[in-house]
Amino acid sequence: MSSRDAILAAVRANQPAPAPPIPAIPLFERTSRSLIEEFQEALVSMGGKFAPTLDASGLDGLVRSLFPDAAVICSATPELRGTRTLDHSTDPAALADVDVGVVRAAFGVAETGSVWLSEEELQVNALAYLAQHFVVLLDPTRIVGNLHHAYRDARFKTARYAVLVTGPSATADIEGVLIHGAQGVRSLTVAMIPLGHTPEANSPRP
Amino acid sequence: MRVGLFIPCYVDAFFPEVGIATLQLLERLGIEVVYPLDQTCCGQPMANSGCQKDAAGAEALFVANFQEFESIVTPSGSCAHHVREHLDAIPQTPAVEKVRSGTYELVEFLHDIVKVDEFPWAEFPHKVGLHNTCTTLRKLRTASASEIDEPFFSKPLDLLRKVRGIEFVTPTRPDECCGFGGTFSVFEEPVSAKMGYDKVEDHHRAGAQYIVSADMSCLMHQKGCAERLGLDIGFIHIAQVLNGSRG
Amino acid sequence: MKPIDHAEASSHFIEAKAHLEFHDRRLWDLRMKRDRQAHSIPEWEELRNLASAIKEHTLSHLADYLEEFEAKAKSNGAQVRWARDASEHNQIVHDILSAHGAKTLVKSKSMLTEECDMRPFLETRGVKVIETDLGERIQQLDDEPPSHIVVPAVHKLRGDVSDVFARTIGSEPGNNDPRYLAEAMRRDTRPYFLGAEAGMTGANFAIAETGSFVVCTNEGNADLSANVPKLHIACIGIEKIIPKFEHLAVFIRMLSRSALGSPITQYTSHFRAPRSGTELHIVLVDNGRSQRLGMKDFWYSLKCIRCGACMNTCPVYRRSGGLSYGATYSGPIGIIIDPAFDIRKYSNLPYASTLNGSCTNVCPVKINIHDQIYKWRQVMAERNQLPLVKKEAIRIIGKVLSDPRLYRAAISATGLAIERLPRFAIYNWLNPWGRQREVPEPPKQSFRSWYLKNRRRQ
């Protein structure tokens, strides 16, 4: 008998009497607060930052002003060109020297301050982890209330990889001291820029 | 009303004043109190060790002593809980079921059944740290537990607030177990003592002159710790305070 | 082999005052943070009820859900294997690694792999295994098991970590700054992420309707382990299944709030299918779970989502440390799981508890932990697993308490003894009560005597 069959047989033999069916999961809506305000408060408490609004220098100028010493800027969104290109076929390890990664999130979650990303938004999943710093564009009209809303999104069922990112990489494993930039990004900055607000970078890709 | 009075073995042996206060208090409230002379123990020390066979004798004796009563009252949360929830080392006859469902801890009896309005004879002009034992708190549910998202309520506090002059202080960890745990106090002595030390020091830092509780067992352990530490703090059962002890 | 002696281990833990003080304070702080989160969500108790209902329903239909999960995972392009026990799990993992010529494995935290003792198995077969969770890595470098399932090195102070790192990864000896140490670990681990041929994760949840699994971390180390190498192995205990994505919301809302008092982990990652050009291998592991499923009083322990809240609230755990339980799973959940693995080795664990019930109250899936601890004590007594001294003492006490005359004789004898014996005769190694506590003073008369004198009417 294969292990699979042996395990399933043992489970079937030992399963307790059928428990009642699961009740419908409510959405637990809370109507009072502005979603944007709630999102901002949650993200800051999780160690994330907010970028100031765009000025004439645009997205390019914003990223450079936030990270003046950045040598390698790698963008997964056509809204910003950056200094390093990537696409689906880029080897993850090649992103090891990226100073700033830039992406546009599909949506945000107000309850937790999270942004939703998949291989579609990231091009290369490892960009969200190998870059030293991470900038995430988020359309403020694409913020859902809580995780119950988030988990009804159909994209979870089609994405190969989907992540709810909430602030930068963190740890408190050494004597409870909170540290940002454990193994992943040292900082996460959200720029609340509506979709279509920044034109695609004009110059053709090299 | 006529009740059977159950006095736990350690109260009988070491803290008779708690039993006396309980009896006098119930009598002051117009209740006829009967103490069956051949009672010993509810079976908890053996049952809590998992030794059902060794608990059966004491449990059977408990039922034999108390089966004539509609209500049984005891100044011990852990004993009341054991009788109601765990007295199952013996066959569950109608007499056993009657005794089990009719057993009350003193605070819940005063608060829920007698519904006492006042204790005019009581005065306790001291700073009091209230110790809600884990049994009364999480199992008998005589007060709200800090882990649970629920509105605040406290039966012992409702009763004690009717005592003149009493002032309450709150330690930093009011709900944390004090470390008695029955045979735990002996077989896991290092952790038990550390928990007891932490508890009494916490109350002491909060300014408590007395620690008041509905379980003398926890107080016995805390008192032993405080005395070894040389802390100037008194230990008194809620029955004594409600019965008019001045401390 | 001798049973684990929790009390003995705890006495050493308590002697290290600075470590004890930090350990207790840190975990109590996590418990307080957890409370703040729980009290800020009006539906918290409803979420607990839902989580418990989801798990109980799933476990009672587990075989069907496992088959659904496997079918979906395979149609997503993942490979699925099943392991009956720890050694089969380790063999399967090794086979997958060998087939790919993988010599270095980066992994995120997985209690399942600890349970299976996977690392030594792989290392003796020439695979270098790098733990990437900071707490796990500290413990790996110190050749010590993790002490807590969420914060594995919580029993160490910064000086201890500094010593370990100076000894093993060349950091500056005597530099205790946690930021410096974390940066040293970041720099040391990064080349492994970039060069490893394989990455391994566990899973917090596995979703039957999509064949997906979910990994929650704060560091992002699971995402690095899974998204850089071309081979991702995920080891999943069969009890981790939940039916649908919408159910996941209930658990994700409570997991990090219960564990650390934060609304969510920094990274909540959902894996459904391999990245193109890579492979995803799932190993479903039994290792005693199907057996526990059939235990009438103990199957509820399979609801566990490994949040660690029970450990944080347990006053005994905080003052004895996870290592004193001698098992992968420690604290309250450990007490009710471990005896199922080895009843003799863990026969004392159910007594490392005051039955105070705080663990049951904080458990997000409403496992009746303290009730199960009580029931395990009955199992220990029935299966003759109590130490002889204790068994005899209880037998004698039981006899005395079942006979009114024996009882009354014992009371007066004890009273006399305490009154008459000199201090050294009462306070010695035979009397554990008296090591750190005073013994109560015997009164002039027992309650019964008072009652006979003052109330007894003929």
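Which strand of chain C pairs with strand 4 in the parallel sense over four bridges? The partner is strand 7 of chain C, residues 231-237. Keep in mind that this is a predicted model. Chain C is a good place to start, since the two pairs of chains that touch are A with C and B with C. Chains A and B don't meet: no contact joins them, and their closest C-alpha atoms lie 16 Å apart.

**Chain C overall**

- Chain C is built from 23 helices and ten strands.
- Along the principal axes, the C-alpha atoms of chain C fill a box of roughly 95 × 55 × 45 Å.
- Of the 458 residues in chain C, 56% are buried.
- Take the contacts in chain C with a separation of 6 or more: 74% of them are between residues 24 or more positions apart.

**The parallel strands around strand 4 of chain C**

- Strand 4 of chain C covers residues 198-201, and both of its faces are covered.
- On one side sit C:Ala198 and C:Met200, on the other C:Gly199 and C:Thr201, and all of these are buried.
- In a regular strand, side chains alternate between the two faces of the sheet.
- Besides strand 7, strand 4 of chain C pairs with strand 2 (residues 104-107) of chain C, in the parallel sense over three bridges.
- C:Ala198 in strand 4 is the bridge partner of C:Leu105, while C:Met200 in strand 4 is the bridge partner of C:Lys107.
- C:Met200 also has a bridge partner in strand 7 of chain C, namely C:Ile233.
- Strand 2 of chain C pairs in turn with strand 3 (residues 128-131) of chain C, again parallel, with four bridges.
- In that pairing, C:Thr104 stands opposite C:Lys128 in strand 3 of chain C.

**Helix 10 of chain C**

- Helix 10 of chain C runs over residues 178-195, which makes 18 residues.
- From its first C-alpha to its last, helix 10 of chain C reaches 26 Å, close to the 26 Å expected at 1.5 Å a residue.
- Helix 10 of chain C does have a kink of about 25° at C:Thr189, shortly before the proline C:Pro191.
- C:Thr189 is also one of the buried residues of this helix.
- Others that are buried in helix 10 of chain C include C:Leu181, C:Ala182, C:Ala184 and C:Met185, along with C:Tyr192 and C:Phe193.
- As background, an α-helix has 3.6 residues a turn, so residues three or four places apart point the same way.

**Where A meets C**

- Of the two pairs of chains that touch, A and C have the most contacts.
- Chain A puts 61 residues into this contact, and chain C puts in 70.
- Elements of chain A that give two or more residues to the side touching chain C are helix 1 (3-14), helix 6 (147-150), strand 8 (161-165) and strand 9 (170-171).
- Helix 1 of chain A gives the most to that side, with nine residues.
- By class, the side of chain A that touches chain C has 37 nonpolar, 15 polar and nine charged residues.
- The two chains also share a strand pairing: strand 8 of chain A and strand 9 (residues 267-271) of chain C run antiparallel, over five bridges.
- Within strand 9 of chain C, C:Ser269 is the residue that stands opposite A:Val163.

**Where B meets C**

- Here 56 residues of chain B are in contact with 56 residues of chain C.
- Several helices of chain B give two or more residues to the side that touches chain C, among them helix 2 (16-28), helix 4 (52-66), helix 11 (189-206) and helix 12 (216-229).
- Helix 11 of chain B gives the most to that side, with seven residues.
- By class, the side of chain B that touches chain C has 30 nonpolar, 13 polar and 13 charged residues.

**Chain B on its own**

- Chain B has 13 helices and eight strands.
- The radius of gyration of chain B is 17 Å, close to the 18 Å that the globule rule gives for 247 residues, so chain B is as compact as a globular protein of that length.
- The C-alpha atoms of chain B fill a box of roughly 50 × 45 × 40 Å along the principal axes.
- In chain B, 59% of the 247 residues count as buried.
- Looking at contacts in chain B between residues at least 6 apart in sequence, 77% join residues at least 24 apart.

Notes: Residues numbered from 1 in each chain as written. Chains lettered and ligands numbered in written order. Predicted model: local features only at pLDDT ≥ 70, side-chain atom pairs only at ≥ 80, totals over all residues. Rg over C-alpha atoms; globule rule 2.2 N^0.38 Å. Buried ≥ 20, exposed ≤ 12 C-beta atoms within 10 Å, placed from the backbone. Contact = placed C-beta atoms within 7 Å. Nonpolar A, V, L, I, M, F, W, Y, C, P; charged D, E, K, R; others polar. Pairing = 2+ DSSP bridges. Expected span 1.5 Å × (residues − 1). Bend = angle between axes of the 7 residues up to and from the residue.
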